Each structure stands twice: as structure tokens, then as C-alpha cells.
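Biologist: I'd like to learn how to read a model with two chains. Could you walk me through it, feature by feature?

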Protein chains: 2
Amino acid sequence: MHTAEQTCGAFLDALASKAPTPGGGGASALAGAVGTALCTMVGNFTVGKKKYAAVEEDVKALMAQAEQVREELLAQVDADAAAFEPLSQAYAIPKDDPGRGEVMERCLRAAAAPPMTILRLCCKAIDLHGKMLEKGSVIMLSDVGTGAALCRGALLGAALNVKVNTKSMADRAYAQAMDQEAEALVAQYTKLADQVYEAVMGRFC
Amino acid sequence: MHTAEQTCGAFLDALASKAPTPGGGGASALAGAVGTALCTMVGNFTVGKKKYAAVEEDVKALMAQAEQVREELLAQVDADAAAFEPLSQAYAIPKDDPGRGEVMERCLRAAAAPPMTILRLCCKAIDLHGKMLEKGSVIMLSDVGTGAALCRGALLGAALNVKVNTKSMADRAYAQAMDQEAEALVAQYTKLADQVYEAVMGRFC
């Protein structure tokens, strides 16, 4: 069943259970989708207001992008589970099997892809929150800051789920290229998320 | 409908929509529940393993606590929505109505309570992740780090949703006592969450 059609209670139960999926990657994707939905909500309370008429088209464009990112993040919960299953089976191949290395490498690459996608999507979501901070209704500021904080957590979760795969890859050049992209994005976007959060908290103090 | 029985897709749609609830508080509670479920998952992959027999009872105790925290966080999604509705109605009372101040103050106190509860629960969840880092299976390390990162985001989201209510309270002594508790917990537990995350990432590098 797709996560979108699963109840929140059932998803959480499956996540907590001994089943190999969903796991940390899917959890990050869902938390990122929750954070991203707040960006759209802020837009929904901004458009149609006289005070924000001058930025209405900009806000609508941000909302459309946020909706796209949220949809992709939710789809990545299922993509992450689908990519992890073959890897969890590959671990069961006897260590002296001559074909094990090649299968493992292929499965590790496949399993690293969804967390990398989730990571990039969380960066986009944080960027959108940064823009919504400038354009969105001031009565919705706490939701912008909350969205940025939740997407920051999801970004870091995704980064660990990239790393847990790259660390086991035999092809170190491939692994390091992926690690470097992840590290650069984490450094840039955790900083941006913190700036958005602090800007909101600062206005409340 | 309770959030537990709502589909993930429907919850996200409601969150993104122009409806006043769910909002940032509920979003934080759900993200915290997602992070907390990972703590239980790590336990589920630890108990029953010979290698971890010596800590099995400790791990089971951590799992039981995590299940309790997760259940309470999920319930707080609905509690936050229920407490916010009267406040959103109170804002509509004419500003020259002599009874407005008292109603607003009562509604602000009620609306601040669920985010404060969510904040405290996220601290408990981060503490449990810290303990699971010590006792849980090493093959589940990335999930401990991911859980801590997601609960850190939820903690910060909850803190903003406390502050957005306390900043409008007329009773400054009450508001400041709440702010001080929130700030102290945020300082202590974001630090612990970062330590858990960095310890996991450090073992992968």
C-alpha cells in the first residue's frame, strides 16, 4: 500500500516494527513532507489578502513549488522502501559467494538514491521556507519557522541514510562524490534553516 | 477524525490547506512521533540477539517508554487542534469588546499547553535516543541518529508554537515562566540531539 493511503497510525506502527521497511529514509521523507506542507499552508493564509496583493503571484508560485516538493517527498517514502528491500536480501548472501560483492555494490547504489533525493528535496523545501519568510503573511510566521525546523531535521536524517550506504561501497570514488554533494548541501541548508528559524523567533522576542 | 485513523495523504492535505487546524503544533507532534517510532524500531532489531542479551531488559524498557511517548505525541496532534479552535474564534471578537481580554488570555493559555506538552515529549524522545545509542544494535545506528534529528526538529517547532502564544499573553509572569522552561529544555535537548547525531555520523566516517 502507498504511504499516502496508509493511516498515520499504521505508518507509525510499521515504522516502529521489526519489518525492514519503512526505516530512517522513509521517516525523513515523511517528516520533510510534513514540514513542506506548512509552506503551502502559509501561502494559503496569504493569498487573497489585500495587504499581500503585491506579492500574491510570487506566493502562488512558491505554493506550487512546495506542493511539488511535498508530493515528491511522500513518493520517496515508498521509493526508499522499494530500494532497501533488495539490499536487505543481499546482506543474506554468504560472504564467500564470489558474486556477493557485485550484487552488494549494485544494491548499495540503489539504496542510496532515495535518501539522496530526499536530501535534495529537503533543501528545496528549506529554500521555499526562506522565500516564504519574505513574502508570506506575518500572522503565519511561526509556521514558516516550524516548517524550516522540521525540514532541517529531515535533511539531516536523509544525510545519515545516504552515508550508511556510501560507507559500505567498494567504489570509493563514487561514494566520495555522493558524500561530498551531501555534506555541501547539509552545510548550506542547515545554516539557511537556522537563519529562518532564528529570524522568526527573533520577531517574537 | 483522529489523526491516527487519517491517511498520511489526507493529513498532509489538511495541514497544507487553509483550514486553521492542523497547524505547526500538530505538524511538530507528528514529526516527533515519526522520530520516536525509530527508537522502538532500533529496539526491535536489538532484542532477541545473542550479542545484546546482556542489555535486553534495558532495551525493552527503553522501547516501552518510546511507545508511550509516541502514543502521547500522536494524541497531541488532536489536542493541539482542539485547543487552537477556541483561540481562532476569540481573535474574531471585536477589539472594543470589554470581555475580549479575559477570553483571549484563557484561550492563549489553553493553546500554549499542547505545544508545551509536545516540547517536553520531544525532550523525552531525544533522551531515549541517547540511551538507545548506548544499548541498541550497532547495525541500527543510522536510525538512532535519524530519530534524534527528527525529534530535534519537532522540539524546535513545538518551541515556536509555545512562543507564538506566550508573546500575546497579558500575564507576563505566567508567559515568562513558560518561556523560560521552554528555552532551558531547547538548549539542553538540542545539544543532546546534536551529540547523538554527531556520534552516529562520526562512526560512519
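Modeller: Sure, and keep in mind that this is a predicted model. Let's begin with symmetry: a turn of 180° and a shift of 0.0 Å along the axis lay chain B on chain A with an RMSD of 0.0 Å. The two copies are therefore related as by a two-fold rotation axis.

Biologist: What is the general idea behind that?

Modeller: Two copies of a chain are related by a rotation about an axis and a shift along it.

Biologist: And which residue of chain B comes closest to the rotation axis?

Modeller: That's B:T7, with its C-alpha at 1.9 Å from the axis. Both copies use the same surface, too: of the contact residues of chain B, 100% recur in chain A.

Biologist: How many residues does each chain bring to the contact, and how much area is buried between them?

Modeller: Chain B gives 56 residues and chain A gives 56 residues. The buried area is about 4500 Å², and carbon and sulfur atoms give 72% of it. On the chain B side, B:C8, B:L12 and B:L160 lose the most area to chain A, together 15% of what that side buries.

Biologist: What about the polar side of the interface?

Modeller: There are 2 salt bridges between chain B and chain A. In a salt bridge at 3.2 Å, N to O, the side chain of A:D13 meets that of B:R70. Counting residue pairs in polar contact across the interface, both at pLDDT 80 or more, you get 18. As for elements, helices 1, 2, 3, 5 and 6 of chain B each give two or more residues to the side that touches chain A. Helix 5 of chain B gives the most, with 16 residues.

Biologist: Now the interior. How should I think about a core?

Modeller: In soluble globular proteins, nonpolar side chains tend to be buried together. Here the largest nonpolar core has 143 residues, and A:L119 and B:L119 touch the most other members. Setting aside residues up to four places away in sequence, A:L119 touches several residues, including A:L155, A:V162, A:L185 and A:V186.

Biologist: Let's try a loop residue. Is A:T21 buried or exposed?

Modeller: A:T21 counts as buried because its relative accessibility is 15%, and the cut-off for buried is under 20%. This residue lies in the loop between helix 1 and helix 2 of chain A.

Biologist: What does A:T21 touch?

Modeller: Beyond its neighbours within four places in sequence, A:T21 is in contact with A:A14, A:A81, A:F84 and A:E85. With A:E85 there is a polar contact, side chain to side chain, at 3.2 Å.

Notes. Residues numbered from 1 in each chain as written. Chains lettered and ligands numbered in written order. Predicted model: local features only at pLDDT ≥ 70, side-chain atom pairs only at ≥ 80, totals over all residues. Heavy atoms only, no water. Least-squares fit on C-alpha atoms with pLDDT ≥ 70 in both. Contact = heavy atoms within 4.5 Å. Core = buried A, V, L, I, M, F, W, Y, C linked by side-chain atoms within 4.5 Å. Buried < 20%, exposed > 50% of the residue type's maximum accessible area, 1.4 Å probe, protein only. Helix = DSSP H or I, 4+ residues; strand = E, 2+ residues; numbered from the N terminus. Polar contact = N/O pair within 3.5 Å; in protein donor to acceptor, adjacent residues only side chain to side chain. Buried area = accessible area lost by both parts, 1.4 Å probe. Salt bridge = Lys/Arg side-chain N within 4 Å of Asp/Glu carboxyl O.
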